[in-house]
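Student: I would like a close look at the charged side chains of this model, and at the places where the backbone does something out of the ordinary. Could you take me through them in one connected account?

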Amino acid sequence: MPKRDPGFPSSVLVLGATSSIAIATMRRLAAGNSRFMLVARHSDRLTAVAQDLLTRGAATVDIWVMDLDDTAAHPEMLAAAAERLGKIDLALIAHGVLGDQQAAEADFEIAAAILHTNFISTVSLLTWLGNYFQTQRGGALAVVSSVAGDRGRKSNYVYGASKGALNIFLEGLRNRIDRDGVQVLTIKPGFVATPMTAHVAHNALFATPDQVARGILKAIERRRDVAYLPWFWFWIMLLVRAIPGSRFKKMNM
Ligand SMILES: NC(=O)c1ccc[n+]([C@@H]2O[C@H](COP(=O)([O-])OP(=O)(O)OC[C@H]3O[C@@H](n4cnc5c(N)ncnc54)[C@H](OP(=O)(O)O)[C@@H]3O)[C@@H](O)[C@H]2O)c1
């Protein structure tokens, strides 16, 4: 695949635009004069993010307030984004919830809510955007998944299942529309210091949102399919995936 044109992406749609990883990524893009359409569910936070991007050099910033769990409202929002931006170069999907694993073990409705936000709502967005980019014959779809989707761990397998299912969906979508010039990027961060992990004791493996943002933009520029971020998670997960199931089930991970 050839490298991107200089200036790509000039028009950016961000779903889950109040996510720390998304904000760090947009800040880097704003310095390059990109135009944005931001979607998130809390209008006050979203307005603050939009203002911040304008002061950092963004050409224009539009906002759309919605709960992304409301899949019935996705087509109207996505059509408005395409109209306002004129042409979408990059769609970054970053919303997600960690959820409460123990509560989800006890109550299917709690497990279903995690799967809905992380997987079902993302499938709804990807269905519309995949067809949009295929018709446009170009663009990039970058989706924040997780290393947690690589293996089912007893401590977070509901969240892990939502991301594992997403990884399979993205792989299949990529195999369908890569030939139309569309990049489908699966982003697999390890631990990142964001509000999502604020309750977890931080260790040396934790990355900053900006480290992950740098990796996301490099992976888009190089038209990668999958990006483990930071890079060392590729090797960690290679080892984790190599542990035989008979042994893995006895481990406290
Ligand atoms: N942090 C990590 O260690 C880590 C590791 C691997 C992957 N990830 C993934 O990275 C992505 C971004 O998370 P983050 O680390 O940046 O954490 P974050 O700052 O807590 O961002 C999560 C975002 O998802 C949004 N969100 C959740 N449900 C939503 C809904 N129904 N509608 C609209 N927005 C919704 C939240 O909005 P509100 O602020 O309005 O609640 C928040 O902006 C997630 O997909 C997460 O699974 C994170």
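**Charged side chains and unusual backbone**

Tutor: Let us begin with the backbone: Asn33 sits in the loop that runs between α1 (20-30) and β2 (35-40), and in this predicted model its phi is near 75 degrees, a positive value in a residue other than glycine. Most residues other than glycine have a negative phi, and most peptide bonds are trans. Arg137 is another residue with a positive phi, near 55 degrees, and its place is the loop between α5 (108-136) and β5 (139-144). Two peptide bonds belong here as well: the one from Phe8 to Pro9 is cis, with omega near 0 degrees, and the one from Leu229 to Pro230 is cis, with omega near -15 degrees. Pro9 falls in the segment before β1 (11-15), while Pro230 is in the loop between β7 (226-229) and α8 (232-242).

Arg137 leads from the backbone to the charges, for its side chain forms a salt bridge with Asp180, the closest N and O atoms being 3.1 Å apart. Because Arg137 lies in the loop between α5 and β5 and Asp180 in the loop between α6 and β6 (182-189), the pair ties together parts that are 43 residues apart in sequence. The two partners differ in their surroundings: Arg137 is exposed, with a relative accessible area of 56%, whereas Asp180, at 14%, counts as buried.

The count of salt bridges comes to nine. One of them joins the side chains of Arg28 and Asp210, with 2.9 Å from N to O; since Arg28 belongs to helix α1 and Asp210 to helix α7, this pair ties together parts that are 182 residues apart in sequence. Arg28, at 36% relative accessibility, counts as partly exposed, and so does Asp210, at 31%. Arg27, Asp52 and Arg56, for their part, are linked in a network of salt bridges.

Arg241 and Asp150 also form a salt bridge, their closest N and O atoms being 2.9 Å apart. With Arg241 in helix α8 and Asp150 in the loop between β5 and α6, the pair ties together parts that are 91 residues apart in sequence. Arg241 is partly exposed at 35% relative accessibility, whereas Asp150 is buried at 15%.

Asp150 matters for the next residue too, as the reference point for a charge without a partner. Lys163 is buried yet has no salt bridge, and the nearest side chain of opposite charge, that of Asp150, is 11 Å away. A salt bridge requires the nitrogen and the carboxyl oxygen to be within 4 Å. Lys163 is placed in helix α6 (residues 157-177), and, leaving aside residues up to four places away in sequence, it touches Asn118, Val144, Ser145, Ser146 and Gly149.

On the surface, Arg214, Lys218, Arg222 and Arg224 gather in a patch of positive charge. Of these, Arg214 lies in helix α7 (residues 209-221) and, at 44% relative accessibility, counts as partly exposed. A patch of another kind, nonpolar and of about 480 Å², is made by Trp231, Phe234, Trp235 and Leu238. Trp231 is found in the loop between β7 and α8, the loop that also holds Pro230 of the cis bond, and Trp231 is exposed, with a relative accessible area of 62%.

Methods
Residues are numbered from 1 along each chain as its sequence is written. This is a predicted model: local features need pLDDT of at least 70, side-chain atom pairs count only at pLDDT 80 or more; totals for chains, interfaces and linings use all residues. Side-chain values use heavy atoms; hydrogens and water are left out. Patches are made of residues with over 30% relative accessible area and no salt bridge: like charges are joined within 9 Å, nonpolar side chains (Val, Leu, Ile, Met, Phe, Trp, Tyr) within 5 Å. Accessible areas come from the Shrake-Rupley method with a 1.4 Å probe; for residues, only the protein chains shown count as cover. Lys and Arg count as positive and Asp and Glu as negative; His and the chain ends are not counted. The place of a charge is taken as NZ of Lys, CZ of Arg, CG of Asp or CD of Glu. Helices (H or I, at least four residues) and strands (E, at least two) are DSSP runs, numbered from the N terminus. Buried means under 20% relative accessible area, exposed over 50%, partly exposed in between (1.4 Å probe, protein chains only). Contact means heavy atoms within 4.5 Å.
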